Amino acid sequence: MEFFQIIILAVVIILIALVLIKNIKVVQQAKAFVIERLGAYQTTWTVGLHFKIPFIERIAKVVSLKEQVVDFPPQPVITKDNVTMQIDTVLYFEITDPKLYTYGVEHPLTAIENLSATTLRNIIGELELDQTLTSRDIINSKMRSILDEATDPWGIKVNRVELKNILPPREIQDAMEKQMKAERERRESILKAEGEKKSAILLAEGEKESAVLRADAKKQAQILEAEGQAEAIIKVQQATAEGIRLLNDAGASEEVIKLRALEAFTAAADGKATKIIIPSEIQSLAGLATSVKEVLSEK
């Protein structure tokens with residue numbers, strides 16, 4: 001009998017030990033345990049070792065405190081100019097109050113998704129198609145502000161909202177592609193015209209500079225030629241003056257002067273003149289010069 005009592009006591013002790021061990025809990029980093037006692041909220045466990053009172057307390061919810069990302073499926077929205085398009089959003093949020101997250105709303109992610117869809121429809125309904133396509137940052141900012149304020153009672157903080165895709169109807173996409181193609185062709189034509197214009201301007205400027213340089217070169221050539229002719233005339237005059245000076249210094253007789261005049265007339269004729277009028281004084285001197293030449297040749 002005592003043996004059976006010992007066995008029963010051992011079993012009871014083992015069961016109590018197992019229950020106690022089972023109710024020892026370790027809360028990991030970035031986790032929070034919401035604890036209820038007899039069905040009512042008791043406390044929130046953070047990181048560390050905790051003991052739960054058996055059969056009286058229970059873990060109502062394990063909450064992750066990490067930032068979470070939710071990709072909502074595309075939602076149909078209508079713009080101000082009555083264009084229906086599909087827009088899907090990506091939501092980044094984190095839980096700041098595990099108690100409010102547990103008791104604030106049933107199915108929090110479903111609530112956030114529906115709230116995101118209605119908020120998106122309200123914002124897009126105030127914008128036209130072109131504004132919707134070019135105002136992503138404005139839409140993201142408005143949605144984040146509205147969702148963050150609406151989810152605050154649920155212990156949720158919305159950090160960021162991003163429009164992932166904006167899909168207009170196929171006919172709108174085709175029209176936009178044609179418009180973009182026409183715009184690219186227009187820009188190409190403008191760039192080509194500007195290039196041709198600049199090329200023509202540069203060509204005209206080059207021809208202008210070339211003409212100026214040619215005129216300047218011709219001018220310089222004419223100036224150099226005129227200076228050369230002037231210098232030649234000066235040198236001839238200087239040589240003539242020098243000859244006269246030498247004759248005067250040598251005390252040349254009248255016959256020598258007349259003989260030099262005859263040589264000058266001969267040089268002037270040079271076989272090109274058809275008729276030369278020689279003064280009588282030079283004619284007699286020419287006859288004398290001829291006679292002397294004949295006598296010298298006979299010898």
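This report describes the overall make-up of a predicted model and then turns to one helix, one hairpin and one surface patch.

The protein has 8 helices and 9 strands, and of its 299 residues 21% count as buried. About 21500 Å² is exposed, with carbon and sulfur atoms supplying 59% of that area. Among the contacts with a sequence separation of 6 or more, 62% are made by residues 24 or more positions apart.

**Helix H3 and its surroundings**

Helix H3 covers residues 108-124, and because each of its 17 residues should contribute 1.5 Å, a span of 24 Å is expected, which agrees with the 24 Å between its end C-alpha atoms. Its buried residues are Pro108, Ala111, Ile112, Ser116, Ala117, Thr119, Leu120, Ile123 and Ile124. In an α-helix, residues three or four places apart point the same way, because there are 3.6 residues a turn. The cover over the buried residues of H3 includes the elements listed here.

| Element covering buried residues of H3 | Residues |
|---|---|
| strand E7 | 75-78 |
| strand E8 | 84-95 |
| helix H2 | 98-103 |
| helix H4 | 129-134 |
| helix H5 | 136-151 |
| strand E9 | 156-167 |

Leu147, which is placed in helix H5, has a relative accessibility of 0% and therefore counts as buried, the cut-off being under 20%. Leaving aside residues up to four places away in sequence, Leu147 touches Leu91, Leu115, Ser116, Thr119, Val158 and Val161. One of these partners, Ser116, is 31 residues from Leu147 in sequence, while their C-alpha atoms are 7.0 Å apart in space.

**The hairpin of E2 and E3**

Strand E2 (residues 31-37) and strand E3 (residues 40-45) run antiparallel and are joined by 5 bridges, with Val34 standing opposite Thr44 in E3. The hairpin has 2 residues between its strands, and Leu38 takes a positive phi near 55° there. Leu38 lies in the loop between E2 and E3, and because its relative accessible area of 70% is over the 50% cut-off, Leu38 counts as exposed.

**The nonpolar surface patch**

Leu38 also belongs to a nonpolar patch on the surface, together with Ile8, Val12, Ile16, Leu20, Ile24, Val26, Leu49, Phe51, Ile53, Phe55 and Ile56, and the patch has about 1200 Å² of accessible area in total. Two or more residues of the patch come from each of helix H1 (2-22), strand E1 (24-27) and strand E4 (48-51). Of the contributing elements, H1 gives the most, with 4 residues.

Definitions and conventions. Residues numbered from 1 in each chain as written. Predicted model: local features only at pLDDT ≥ 70, side-chain atom pairs only at ≥ 80, totals over all residues. Heavy atoms only, no water. Expected span 1.5 Å × (residues − 1). Buried < 20%, exposed > 50% of the residue type's maximum accessible area, 1.4 Å probe, protein only. Contact = heavy atoms within 4.5 Å. Pairing = 2+ DSSP bridges. Patch = residues over 30% accessible without salt bridge, like charges linked within 9 Å, V, L, I, M, F, W, Y side chains within 5 Å. Areas by Shrake-Rupley, 256 points an atom, 1.4 Å probe, with all protein chains shown as cover. Salt bridge = Lys/Arg side-chain N within 4 Å of Asp/Glu carboxyl O.
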